Amino acid sequence: MAGLFDSGMIGKTKIRNRLIMPAVATCYSDNGYVTEDLLNYHSRLAEGGAGAIIVEAAFPWKGIAYGSGALGIWDDSTIDGLKTLAETIKSAGAAAILQLGHNGPQGSGEIVSPSGIPYMRDTSPRILTIPEIIEIEDGFTAAAERAKKAGFDGVELHAAHLYLLSCFLSPYMNKRTDIYGTDAEGRSRIVCETIRKIKERCGEDYTVSARINARDGMEGGMDRDELKAVVGYLEKSGVDVINLSSNDIPFAAQLKRCTVGSVSIPRADTEQGIFSGYAAEVKEYAKVPVIAVGKITDKDFAESLIAEGSADFIAMARPMIADPNLPNKFKSGEEINNCIYCNACIGAVARNRRMVCTVNPDIK
């Protein structure tokens, strides 16, 4: 029976404990390039004891990022800074994984999607052609190769929260009738083909994570049966871990600007472990490790998920923003600077401003 501070494996990458800092946008980059602020932020997290750090989404193409503070990996000029970032994380004992993303219907500039179904109100996403989809697969693959050259232990495909890859996986957002739609296999194809291409280019031992939704938050979207099918196809493609988020926390205010009235971000009134039941669901059939997320704040609760086999790893985003020493403090019993889930952090980034934290003055 595994414990919270036992090491574990994600693919061929050894993780020193079961606590993971998941990808969270910071707006600390400078027009796509790594800055001292970004390095210092990750240094504190790694030194604080996280088993692995999944660095915020890096964008493989210019023009699709959410602002000048977003991280880029669109050409080889980004590699040197990313190399320093990977070294900073790994030198403190944490594994370094880089998330790769495409905003799709939530993007800036030209907005694209599988079927033209909008996510943001008053937008009309352009439907991607098959050659364009293949170019996107290849762009992710080239970015993964740069991440490997920079020294990252692996990459994560951001296929959750109704960004582009998530929209392909969603039966509600993907109404295509070609090979990239129709059924779960077709809807999974862009993610699966990207994983296969990354493994071919970077080697079978190079770690690839997929962050996906358990539910999409709308009728006709991802459900239990679809999720099981998607996980099966991802495993066949060679994925090494499922990072299981969701998008079904009701939030009526979201409907003012979006077509979906739910979100992935817990609030102060959200129950602890809001998505942990989904992780337990997937653990019943998954052959690869599963990461549980969603307002997991209590050490005993986190330990119970690992001990009961409901998850293999625990991701704690806002709690580690509030206190980057949380893993070490969990182990020592020291008092923790708790997150209050005011979500000032994500609120600032949503306005393309630098991440801040109400309870941690180092985050500014």
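**Buried contacts, nonpolar cores and ring pairs in a predicted model**

Ser-209 is in contact with Val-155, Glu-156, Leu-157, Val-239, Val-241 and Asn-243, when residues up to four places away in sequence are not counted. The model in which these contacts are found is predicted. Ser-209 belongs to strand 10, which covers residues 207-213. With a relative accessible area of 2%, Ser-209 is buried, because the limit for a buried residue is set at under 20%.

The nonpolar interior was examined next. The largest nonpolar core holds 111 residues, and the members that touch the most other members are Leu-98, Leu-100, Phe-152, Ile-212, Leu-234 and Ile-314. Strand 4, residues 52-59, gives the most to this core, contributing 7 residues. A second core, separate from the largest one, consists of 9 residues, among them Tyr-119, Met-120, Leu-162 and Met-173. In soluble globular proteins, nonpolar side chains tend to be buried together. The surroundings of Phe-152 can be listed in detail: with residues up to four places away in sequence left out, Phe-152 touches Val-55, Leu-82, Leu-85, Ala-86, Ala-96, Ile-97, Leu-98, Ala-147 and Tyr-206.

Aromatic rings were then considered. The count of aromatic pairs comes to 3. One of them joins Tyr-28 and Tyr-41 in an edge-to-face arrangement, with 5.8 Å from centre to centre and 90° between the planes. This pair links distant parts of the chain, as Tyr-28 is in the loop between strand 3 (19-21) and helix 1 (36-47), while Tyr-41 is in helix 1, 13 residues apart. Tyr-28 and Tyr-41 are both buried. For Trp-61 and Phe-140, the ring centres are 5.1 Å apart and the planes stand at 80°, so this pair is edge-to-face; planes over 60 degrees apart fall in that class. The pair of Trp-61 and Phe-140 also links distant parts of the chain: Trp-61 is in the loop between strand 4 and strand 5 (71-72), Phe-140 is in helix 3, and the two are 79 residues apart. Phe-140 has 0% relative accessibility and therefore counts as buried.

Helix 3 spans residues 130-149 and includes Ile-130. Ile-130 has a relative accessible area of 30% and is therefore partly exposed. Together with Ile-134 and Ile-179, Ile-130 forms a nonpolar patch on the surface, and the three residues have about 220 Å² of accessible area together.

Further contacts involve helices 7 and 8. Ser-276 is located in helix 7, residues 276-283, and is buried, its relative accessible area being 10%. Apart from neighbours within four places in sequence, Ser-276 is in contact with Val-293, Phe-301 and Leu-305. Ala-302 lies in helix 8 and counts as buried, with 0% relative accessibility. The C-alpha atoms of Ala-302 and Ser-276 are 9.7 Å apart in space, and the two residues are 26 residues apart in sequence. Ala-302 touches Leu-4, Ile-296 and Ile-314, again without residues up to four places away in sequence. Ile-314 also appears among the residues that touch the most other members of the largest nonpolar core.

Helix 10 contains Asn-328. A relative accessible area of 35% makes Asn-328 partly exposed. Asn-328 and Glu-47 are 281 residues apart along the chain, yet their C-alpha atoms are separated by 8.7 Å. Asn-328 touches Glu-47, Gly-48 and Gly-49, with residues up to four places away in sequence not counted.

Two residues other than glycine were noted for their backbone angles. Lys-295 has a positive phi, near 50°. Lys-295 is placed in the loop between strand 14 (290-292) and helix 8 (299-307), and Lys-295 is buried, with a relative accessible area of 13%. Tyr-341 likewise has a positive phi, near 55°. The loop between helix 10 (326-332) and helix 11 (344-350) holds Tyr-341, which counts as buried at 7% relative accessibility.

Key:
Residues are numbered from 1 along each chain as its sequence is written. This is a predicted model: local features need pLDDT of at least 70, side-chain atom pairs count only at pLDDT 80 or more; totals for chains, interfaces and linings use all residues. Side-chain values use heavy atoms; hydrogens and water are left out. Helices (H or I, at least four residues) and strands (E, at least two) are DSSP runs, numbered from the N terminus. Buried means under 20% relative accessible area, exposed over 50%, partly exposed in between (1.4 Å probe, protein chains only). A nonpolar core is a set of buried Ala, Val, Leu, Ile, Met, Phe, Trp, Tyr and Cys residues joined through side-chain atoms within 4.5 Å. Contact means heavy atoms within 4.5 Å. Patches are made of residues with over 30% relative accessible area and no salt bridge: like charges are joined within 9 Å, nonpolar side chains (Val, Leu, Ile, Met, Phe, Trp, Tyr) within 5 Å. Accessible areas come from the Shrake-Rupley method with a 1.4 Å probe; for residues, only the protein chains shown count as cover. A salt bridge is a side-chain nitrogen of Lys or Arg within 4 Å of a carboxyl oxygen of Asp or Glu. Rings of Phe, Tyr and Trp (its six-membered ring) pair if their centres lie within 6.5 Å; planes under 30 degrees apart count as stacked, over 60 as edge-to-face and the rest as tilted.
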